[in-house]
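Here's a quick look through one small model, going from single residues out to the overall build. Have the viewer open while you read.

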Amino acid sequence: MAVPARKVSKARRDKRRSSVWKMNAPELVRCPQCGEYKRPHRVCLNCGYYNGRQVLNKD
């Protein structure tokens, strides 16, 4: 069984656990049809349009 040769320092351990690796919040863009904020490259859930075409029927 492998055993670490040296103790990992607190600085090295804490660098690994830092918030650098945490995910960022997704970017939002305005829908060109309705102006509602949506995630890029996805269908607008408010009006149902994607890339200038209606994909979902919204009543």
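Val55 is partly exposed, at a relative accessible area of 49%. In this predicted model, Val55 sits in the segment after strand 4 (53-54). Val55 also has company: together with Leu45, Tyr50 and Leu56 it makes a nonpolar surface patch of about 380 Å².

Next, the charged side chains. As general background, side chains of opposite charge can pair when their charged atoms come close. How many salt bridges does the count come to? Just one salt bridge turns up. The partners are Arg13 and Asp14, and their closest N and O atoms are 3.0 Å apart. That pair passes because the cut-off for a salt bridge is 4 Å. Neither partner is buried: Arg13 is partly exposed, with a relative accessible area of 30%, and Asp14 is partly exposed too, with 40%.

Now for the cysteines. A disulfide is a covalent bond between the sulfur atoms of two cysteines. The count of disulfides here is zero. Why does Cys44 have no such bond? The closest cysteine sulfur, in Cys47, is 3.7 Å from the sulfur of Cys44, so it is too far for a bond. Cys47 is in no disulfide either, with its nearest cysteine sulfur, that of Cys31, 3.6 Å away. For reference, the cut-off for a disulfide is 2.5 Å. Cys44 counts as buried, with 1% relative accessibility, and Cys47 counts as buried as well, with 15%.

Here are the accessibility values for the residues discussed so far:

| Residue | Relative accessible area | Class |
|---|---|---|
| Val55 | 49% | partly exposed |
| Arg13 | 30% | partly exposed |
| Asp14 | 40% | partly exposed |
| Cys44 | 1% | buried |
| Cys47 | 15% | buried |

Zooming out, the protein has one helix and four strands, and from the N terminus on the elements run α-β-β-β-β. What radius of gyration does the protein have? The value is 23 Å, whereas a compact globule of 59 residues would come out near 10 Å. Along the principal axes, the C-alpha atoms fill a box of roughly 65 × 25 × 20 Å.

The contact and burial numbers round out that picture. Of the contacts with a separation of 6 or more, 0% are between residues 24 or more positions apart. Buried residues make up 8% of the 59 residues. As for the accessible surface, the protein has about 6000 Å², and 51% of that belongs to carbon and sulfur atoms.

How values were computed. Residues are numbered from 1 along each chain as its sequence is written. This is a predicted model: local features need pLDDT of at least 70, side-chain atom pairs count only at pLDDT 80 or more; totals for chains, interfaces and linings use all residues. Side-chain values use heavy atoms; hydrogens and water are left out. Patches are made of residues with over 30% relative accessible area and no salt bridge: like charges are joined within 9 Å, nonpolar side chains (Val, Leu, Ile, Met, Phe, Trp, Tyr) within 5 Å. Accessible areas come from the Shrake-Rupley method with a 1.4 Å probe; for residues, only the protein chains shown count as cover. A salt bridge is a side-chain nitrogen of Lys or Arg within 4 Å of a carboxyl oxygen of Asp or Glu. Helices (H or I, at least four residues) and strands (E, at least two) are DSSP runs, numbered from the N terminus. Buried means under 20% relative accessible area, exposed over 50%, partly exposed in between (1.4 Å probe, protein chains only). The radius of gyration is taken over C-alpha atoms; the globule rule is 2.2 Å times the number of residues to the power 0.38. Contact means heavy atoms within 4.5 Å.
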